[in-house]
Amino acid sequence: MSLFLTQLMNGIGNGAVYASLALALVLIFRTTGILNFAQGEMALYSTYLFWYFTDRGLPVVVAILAAMALSFIGGALVERVVIRPVEHSSPLVLVIVTIGLFLALNSIVQVQFGSDIKTNLPRAYPKHTWRPGNVQISADTLVLVGMLAVVCVLLYLLFQRTKIGLAMRAVASSSESARLSGVPVGQMLMFGWGLAAALGALAGVLVIPQIGLQASSMQSILVFSFAAAALGGFDSPVGAVVGGLIVGVAEALTTQYVHALNGIVLIVPFGLILGVLMVRPQGLFGRRTVERV
Amino acid sequence: MIAHRTEGSTSSRKLRFVALGTVLALAAAACGSNRGTSSTTTSKTPSSGGGATAPVVDTSGCPTANDTTGVSGDTITIGTSLPESGLYAAFTAILKGEKSYFSYMNAQGGIEVPAGSGKKYKINLIAKDDAYDAAKTVTNVNSLINDSKVFALFNTVGTKNNLAIRDTSDTQCVPDLLIASGAVQWGNPKFPWMLGSELVPYPLEMQTFVDYLLKNKPNATIAVLKANDDFGQSYADTLQALVKGTNLKIVQTQGYDPEGSDVKAQVTSLAATKADAFVIGGTLLACPNALNAMGDAGWKPIVYMSGTCVSKVLLGIAGKNAQGVLSVTSLLDPADPVNASNPAMQLYKAQVKKYAPDADTSDGIVAYGWTTAALFAKILSLSPKLDRGSVMNTAHTVSGVTGVGLQLAGSTWSTSASDRFIGETFQLINYDATAGHSNPVGPITDDNGKTAKLSPAVLLNS
């Protein structure tokens, strides 16, 4: 039983990371209808910034905030400079643009920061493992889950209680109508991308010190985050969180109990996506689009 | 969210499209870790008879006899393919060591081929990035052979990567020399144009650890973590063969996706077996991550870790969890202050500082690159003639090589027609986390000629 709970905690810890990145994917999908394949690499770049700042002697918390702020600006600029010109192109063009961004960012970090593994990443909190009744609960897991909870609350407040959130929701539901009502759609889209980038940055700086910083650190995480978002529904923040946790827990429990899938647990999110898309193409929590004939 | 959308049908189609795109992208990612394809070849099997002087490769079926492609004036152009980007980019450290050695030799006027002839050649090493993707290795190697016209392939990294190019190397008679992998397939008699480097062959690593356990804990239970590719499988398969007939018992084997390095769930599962011993058949970040997960679980087994992870940089990540970890090496540890006064070590540190100032000279991976380059130069200088067939035959028949690069004092490297492995003399080491370097355990092991006997035949000939 304690083993089951330990694996459950492992899964929830990873799931919180998938959920954070899935939330960023959902933020961008809701406002611009784009699947941002570069989301993971944007977070990777942010984490390299974080490493750069701490390497230059900045305190950890300051470095996190600075990386998030720069990521926000960077995300907004990416929307304005890279995405806006092709905004109304076919989905295929958008997919190709974000994949291009993915490859470009991955190469840029290696040129700019070097391709060696960065080992001296500080943590924002001391490493510790609690063992109540033989169940392992690491500080990593608690911090990741706590971060996810705080982010969810802040996003909820932003979208439901502020004017800017209202404007973003308006853009998400119909950019044409929003524009006619005087909402600065362009600025809202930039804000959405900036927010997603900052969110990815936070996930990156918290999780990467646990697995090591190198150019491909975010890639397998991105695969699981896409699985989470597809599972929960690309337009549902709640779905992203639930999907992330389901994928993380499924991954850990498969490793523990399904020895036949040894080493190919990637098949689990895969199977989940396929199953869900076949039964509910909009995802578990996604809204079905209704058409008036 | 509002359900009525003016562009309802478009966005529904869009959603379906992107969902399809996601599935395709995931499929691509999942298939990225393709395993080396098995293959057959009919041409140019080694000549029968064996013996130290009989040629191992037969060039009669080659496209050109006495092929000197890649030798131009006083320059020999050689090529390598390795991960300079992606998850395995840390292996770029190998290239830094290699380039430092060749730059150093070139500055001395070059390598004399054959030794005593007075004719010196400079080495021009062309490196191509394959991100550890075997498909890219194939592209790189085709380009190196056909466009860059390299004389030989040198220290190309990865088990599945070299398996993927062996048909090319074999049919075109291009030496694939000093492969950066300890897999036993390099001893497959069907592919004489390949030879592994001085890395300790993986079966010898397992043999050494099994011997250690039989001596110190003969009834030990063993838990195994392996990378889910040809590399990790080499450890798992040979260990399984070696424990047969002993009281050692493998209680659980967990694989991890080599495209990632998160092994927490796997190690949690292994730790629950409370096995006495833990074998890590992984590489790079998976090694320290496995050690950290083991520490988190409060599990204290006797740990054996792949020799490919012997690096101060990697073990530093694991901190005190790396205390006492066992492994093997065929090289002097550049992080150990005991070696600081060794002239070979001083030369290595001075030259790497000069030619690759950004490299960490205390990193064992850089030291490996340096030593492999020195071994390549040694083989060239021993070759009676400078053509592909002669150099390949020389590589297969070196005997009693000592003092190359950072080769361990007291170790000798030999090959023969019946023994296709170099790194068979090595040192069992354990890691001292406080001091940040490894210490030798017992004397040097000399397993010369034993690799082929210890390897499961099915693996050797695969």
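## Exercises on a predicted two-chain model

Strands β10(B) and β11 (residues 302-305) of chain B pair in the parallel sense, with 4 bridges between them. Keep in mind as you work that this is a predicted model.

**Exercise 1. Work out how β10(B) is connected to β11(B), starting from a bridge pair.**

Step one: find a bridge. B:Phe278 has B:Val303 of β11(B) as its bridge partner.

Step two: follow the chain. After β10(B) it runs through helix α8 (residues 286-296) of chain B and then arrives at β11(B). That makes a β-α-β crossover, and its hand is right.

**Exercise 2. Find the other pairing of β10(B), and say which residue stands opposite B:Gly281.**

Step one: look at β8 (residues 221-227) of chain B. This strand pairs with β10(B) over 5 bridges, again in the parallel sense.

Step two: pick out B:Gly281 in β10(B). The residue opposite is B:Lys226.

**Exercise 3. Is strand β10(B) buried or exposed, and what about each face?**

Step one: go through the strand, residues 277-281. The count is 5 buried out of 5, so the rest of the structure largely encloses β10(B).

Step two: split the strand by face. One side carries B:Ala277, B:Val279 and B:Gly281, while B:Phe278 and B:Ile280 sit on the other. Every one of these is buried, so both faces are covered.

**Exercise 4. Check the length of helix α4 (residues 91-113) of chain A against what its residue count predicts.**

Step one: get the expected span. The helix has 23 residues, and at 1.5 Å a residue it should span 33 Å. The multiplier here is one less than the number of residues.

Step two: compare. The C-alpha atoms at the ends of α4(A) are 33 Å apart, in agreement with that figure.

Step three: list what is buried. Among the buried residues of α4(A) are A:Leu94, A:Val95, A:Thr98, A:Phe102, A:Leu105 and A:Val109. As a reminder, an α-helix has 3.6 residues a turn, so residues three or four places apart point the same way.

Step four: look just past the helix. A:Gly114 has a positive phi there, about 90°.

**Exercise 5. Describe chain A as a whole, and decide how compact it is.**

Step one: count elements. Chain A has 11 helices and 2 strands, in the order α-α-α-α-β-β-α-α-α-α-α-α-α.

Step two: compare sizes. The radius of gyration is 19 Å and the globule rule gives 19 Å for 293 residues, so chain A is as compact as a globular protein of that length.

Step three: add the interior. In chain A, 54% of the 293 residues are buried.

Terms used: Residues numbered from 1 in each chain as written. Chains lettered and ligands numbered in written order. Predicted model: local features only at pLDDT ≥ 70, side-chain atom pairs only at ≥ 80, totals over all residues. Buried ≥ 20, exposed ≤ 12 C-beta atoms within 10 Å, placed from the backbone. Pairing = 2+ DSSP bridges. Right-handed = clockwise from strand over helix to strand, strands pointing away. Rg over C-alpha atoms; globule rule 2.2 N^0.38 Å.
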